[in-house]
Amino acid sequence: MLVRSQREGRWPLLKQRPELVRRFARIFMIRTAREIGRAVARRIARRRLTRSEKKRSKALAHALDACAREALRARRNKLEASEAAFNLALYFLVAERDIQTVKVDALTHSDSWHRSLYARVILLTIHELDLDKAGGNKLRQALEDTSVPVALRQEIAAALRVVRSAQQKAQKQYAALRHSTIAHRDADAITQYRRITELDSLSIVQTAAEFYAGTHAFMDVMPRLLAHVGGMSGLISQLIAQNRRNTDSLLAQSQSDA
C-alpha cells in the first residue's frame, strides 16, 4: 500500500489537467532550447572571438613589453621626465592587457560563474584605473622639463578629461555591483549571490568597450608624447632641467648650512 502511494505521488504533474501539462511541457522545451541555443552561440562566438582577438592581443603584448623596457631604461638612466611619461603609458597598457586577457572568457566561457567572475574583474579594473595617480604632478613636471609644445599639452589635458568622464560613467552605472561582488564583498551573502548569478556579462563588456572608445583620444596622443620625450630635444631639455634643479638644491643647502 505504501509503495503504491509513493508511486502515485512520484509524478504529481501528470495528475493535472491536460492543458496544464501541455503548457508546462511547452515552457520546459522552450527554456531548454533557449539554453542549448545560447550554449551553441557561445561556442561559435568563442572560436570567432579567439581568432579575431589574437592579433590585437599580440600587438598589445608587444607594446606592453616595449613600454616596460623604456620605462626601466629611463629609471636606470635617472631620466625623470621620460620615466614619468612611460610609466603613465605602461599603467594604462597593463589595465588594457588585463581586460583583453579575460574579455573572451567573460563573453563565451561555458560556465556561468566563470563568465561572471571575468566580467567582475573587468569591472574592477575600470573602477580602479587612476591615471592621475600614475601621472599627476610627475607628468606635469615632465611636460615642463621636456618643453612639450603647448598644443600637445592641451591635447593631453583634454584626453585625460575624456578618460575621467568615461570612467565616471562606468563607475556610476556599476558602483553597487562592484562594491558588493568584487571589491569589498557584501556581508549580505544572499544579496551578493543574487547579484553575481544575475550579472549580465555582455553589458559589462559593452561598458568596457565604451570606456576604451572614450579613451581613444588618450591612446592617440600618448605615442606623440613619448616620441617627444624620448627624442633628442626632449632628452636635452630634461637633462638641463634636472641639472638646474640639482644645482639650485645644492645652493639652497649650502646657504642653509652657512
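Q: Before any numbers, what does buried mean here?
A: Buried means under 20% relative accessible area, while exposed means over 50% and partly exposed is in between. The model is a predicted one.

Q: How much of the protein chain is buried, then?
A: Buried residues make up 36% of the 258 residues in the protein chain.

Q: And the surface, how much of it belongs to carbon and sulfur atoms?
A: The accessible surface of the protein chain is about 16800 Å², and 56% of that belongs to carbon and sulfur atoms.

Q: How many helices and strands?
A: The protein chain has 11 helices and 0 strands.

Q: What share of the contacts is long in sequence, 24 or more positions apart?
A: Taking contacts with a separation of 6 or more, 76% are between residues 24 or more positions apart.

Q: Which residues touch the most other members in the largest nonpolar core?
A: That core has 46 residues, and Ile-122, Leu-131, Ile-204, Phe-218 and Leu-225 touch the most other members. At least two residues of this core come from each of α2, α3, α4, α5, α6, α7, α9 and α10.

Q: Which helix gives the most to this core?
A: Helix α3 does, with 11 residues.

Q: Back to Ile-204. What is it in contact with, leaving aside neighbours within four places in sequence?
A: Ile-204 is in contact with Ala-119, Ile-122, Leu-123, Tyr-174, Leu-177 and Leu-199. Ile-122 is also among the core residues that touch the most other members.

Q: Pick something in α3. Is Ala-85 buried or exposed?
A: Ala-85, which is found in helix α3, counts as buried because its relative accessibility is 1%.

Q: What does Ala-85 contact, again leaving aside neighbours within four places?
A: Ala-85 is in contact with Met-222, Leu-225, Leu-226 and Val-229. Those four residues are among the buried ones in α10.

Q: Which other residues of α10 are buried?
A: Phe-218, Val-221 and His-228 are also buried in α10.

Q: Why would buried positions in a helix recur three or four places apart?
A: An α-helix has 3.6 residues a turn, so residues three or four places apart point the same way.

Q: What length does α10 reach, and what is expected?
A: Helix α10 covers residues 216–230, and its 15 residues reach 22 Å from first C-alpha to last, close to the 21 Å expected at 1.5 Å a residue.

Q: Switching to charges. How many salt bridges are there?
A: A search of the whole structure finds 12 salt bridges.

Q: Which residue pairs with Asp-220 in α10?
A: Asp-220 forms a salt bridge with Arg-224, with the closest N and O atoms 3.6 Å apart. The two residues are 4 residues apart in α10, about one turn of the helix. Asp-220 is partly exposed at 44% relative accessibility, and Arg-224 is partly exposed at 36%.

Q: What about Arg-73? Which residue is its partner?
A: Arg-73 forms a salt bridge with Glu-70, the closest N and O atoms being 3.2 Å apart. Both lie in helix α2, 3 residues apart.

Q: Which residue does Arg-178 pair with?
A: Arg-178 forms a salt bridge with Glu-128, with the closest N and O atoms 2.3 Å apart. This pair links distant parts of the chain, since Arg-178 is in helix α7 and Glu-128 in helix α4, 50 residues apart.

Q: Why does Arg-178 count as buried?
A: Its relative accessibility is 18%, and the cut-off for buried is under 20%. Glu-128 is partly exposed at 39%.

Q: Which residues are linked in a network of salt bridges?
A: Glu-80, Asp-145 and Arg-245 are linked that way.

Q: Now backbone oddities. What is phi of Lys-78?
A: Phi of Lys-78 is near 60°, a positive value in a residue other than glycine. Lys-78 is in the loop between α2 and α3 and is exposed, with a relative accessible area of 62%.

Q: And where is Ser-147?
A: Ser-147 is in the loop between α6 and α7. Its phi is positive, about 55°, although it is not a glycine. Ser-147 is partly exposed at 43%.

Q: Last one. Which residues make the nonpolar surface patch of about 310 Å²?
A: Trp-113, Leu-117 and Tyr-193 make that patch. Trp-113 is in helix α4 and is partly exposed, with a relative accessible area of 40%.

How values were computed. Residues are numbered from 1 along each chain as its sequence is written. This is a predicted model: local features need pLDDT of at least 70, side-chain atom pairs count only at pLDDT 80 or more; totals for chains, interfaces and linings use all residues. Side-chain values use heavy atoms; hydrogens and water are left out. Patches are made of residues with over 30% relative accessible area and no salt bridge: like charges are joined within 9 Å, nonpolar side chains (Val, Leu, Ile, Met, Phe, Trp, Tyr) within 5 Å. Accessible areas come from the Shrake-Rupley method with a 1.4 Å probe; for residues, only the protein chains shown count as cover. A salt bridge is a side-chain nitrogen of Lys or Arg within 4 Å of a carboxyl oxygen of Asp or Glu. Buried means under 20% relative accessible area, exposed over 50%, partly exposed in between (1.4 Å probe, protein chains only). The expected span of a helix is 1.5 Å times one less than its number of residues. A nonpolar core is a set of buried Ala, Val, Leu, Ile, Met, Phe, Trp, Tyr and Cys residues joined through side-chain atoms within 4.5 Å. Contact means heavy atoms within 4.5 Å.
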